[in-house]
Amino acid sequence: MIHLLVNATVLTLDASLPVAQALAVKDGRIVEVGGTDEVLWLREDDYELIDLEGRTVVPGFVDPHNHFSIGAFETLWADCRGARSVADVQQTLAVAARETPAGAWVRAVGYDHTALGAHPTRGDLDAAVPDRPALLMHFSHHQCVVNSRALAAAGITRGTRDPAGGEIARDKSGEPTGLLFERAMSGLETASREAWEARFTEVARAASRRYAAHGITAIQDAAVTPAMARRYAQARAAGALAIDVSEVMVGSRGWFERPDDAAPGTLKVFVDGGYRCAMRLMRDGVPRTSGFLFYTREELTALLLTAWRAGRHVVCHAIGNLGIETAVGAIEDGLRAMPDGRARVRIDHAIFLTSELIARIAELGIWVVVQPSFLWDSRAPSGGRAPDPAIRQRPFASALRAGISQAFSSDFPCGSNAPLAGIAAAVTRTSRRGHVAAPEEAISVSAALEAYTLGAARAAGIDAVAGSLEAGKRADLLVLSANPLECPATRLASIQVLETWTKGLRSNPP
Ligand SMILES: [Zn+2]
């Protein structure tokens, strides 16, 4: 059957025909984009005519940095995002423990130590879950608190040394408090998921439909272990994924570890930490460094060259200015040895930038994948820490002016999943709570729309089939309740996705 979508405002993201009125879809592909009369000519014996009555059609959103295989499970796990005290956390965990199947770790997500006044301790968790391992993930996903059973399962005692790139928090007597940072939590996080991962097909089916409802038609899962890659294969075979997912691989020992045994495909390399990213700050005129840096520039260069020689793409997670500087330096060195690596490396996050780093990234000519979702979700009135006047946070406009290829993503579940909220935040620099951060870094709606469609598809390497509405590409498209280019910026986040078409299949019909 051919589907003729007519009388619309089609924002194609195709420079040769930016706005059209109609398009035709057949066998999952776009076969024509143009005027309503032109498209009506394509009527066949078996056809569906859809009069969109002036509504707006845009390409499906592409999210090149999304943690689908983490977020999908969160509906099964206890939610501590709303917890305002340690007692709240304990109550939630105790309920979760009763609902957790035998053999599985009790999992909870999303606690914010600033809202609780402190990090919970292993003792706090033991009081709620005394008899089995429990892991409570921080909202950053780069630190967690575990109970005594979990520490025992991982063999962590007062005699255990901090791993390189991680920290085991300890009380005054030297006893682990249960709070673990970065590489210190790798093994426990992996173990805590094992029993739950068998349910991936079931949770992925539901999660992918939620993504489609937000208008997301393609993602890259930004950290997939070899075990999860096998789960993805099962979910695909079962037809459970309503959106297009490609995997960015990490090794079996945890997200932040060296990806030595990662399955084939694009590699993820964590250059620095998350909540405690690697920063270089001036304090009283003296440079000081802080946070976790997992590689030296030389180590990272070697890792890039090994990956490139094997034909692999590499996604470098780098958040702090020192983390970004390390990634940029390693990519510069790597490209001197292998210039064709340029198309096979990108930097994700790039939150704390300086003018010098912006210029060097622009010179590299690589994709940078940033998250306007963090602006939307920001809890701080200024949009976050302002550690040093020379450092700018998420300077989206400066990056574009410098010529950086900048794509948007959500980092869900670390950031909000809805692309229209991210677009609103990039355009208004205003959080959902009404806080404004660096308004001079606001970008236009059209630039934001491009960064979440065509730009994101290019960063993900799928622009031959997605990211714009052109004949021959996949019919990944959305019908919106308003035209983002014409509605007031303050209303962008409330635009509704009325229909999502993924490879020509329509979901959430009106
Ligand atoms: Zn991430």
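Here is a short walk through this protein chain and its zinc site. Please keep in mind that what you are looking at is a predicted model.

Let's begin with the overall form. The C-alpha trace of the protein chain extends over about 80 × 55 × 45 Å along its principal axes. For 510 residues, a compact globule would be expected to have a radius of gyration near 24 Å, and the 23 Å of the protein chain agrees with that. Within this form, the secondary structure amounts to 17 helices and 28 strands.

Next, consider how the chain packs against itself. If you take the contacts between residues at least 6 apart in sequence, 71% of them link residues at least 24 apart. Of the 510 residues, 57% are buried.

Moving to the outside, the accessible surface of the protein chain is about 19800 Å², and carbon and sulfur atoms account for 52% of that area. As for charge, there are 53 positive and 57 negative side chains in the protein chain, with the centres of the two sets 5 Å apart.

Finally, have a look at the metal. The zinc ion is coordinated by H65 and H67, each through NE2, and by D411 through OD, at 2.1 to 2.2 Å. In sequence these donor residues follow the spacing H-x1-H-x343-D, so a single residue lies between H65 and H67, while 343 residues come between H67 and D411. Both histidines, H65 and H67, are buried. One caution when reading the site: water is not among the atoms, so the coordination may look incomplete.

Terms used
Residues are numbered from 1 along each chain as its sequence is written. This is a predicted model: local features need pLDDT of at least 70, side-chain atom pairs count only at pLDDT 80 or more; totals for chains, interfaces and linings use all residues. Side-chain values use heavy atoms; hydrogens and water are left out. Donors are N, O and S atoms within 2.8 Å of the metal (3.2 Å for Na, K and Ca); water is not among the atoms, so sites may look incomplete. Buried means under 20% relative accessible area, exposed over 50%, partly exposed in between (1.4 Å probe, protein chains only). Helices (H or I, at least four residues) and strands (E, at least two) are DSSP runs, numbered from the N terminus. The radius of gyration is taken over C-alpha atoms; the globule rule is 2.2 Å times the number of residues to the power 0.38. Contact means heavy atoms within 4.5 Å. Accessible areas come from the Shrake-Rupley method with a 1.4 Å probe; for residues, only the protein chains shown count as cover. Lys and Arg count as positive and Asp and Glu as negative; His and the chain ends are not counted. The place of a charge is taken as NZ of Lys, CZ of Arg, CG of Asp or CD of Glu.
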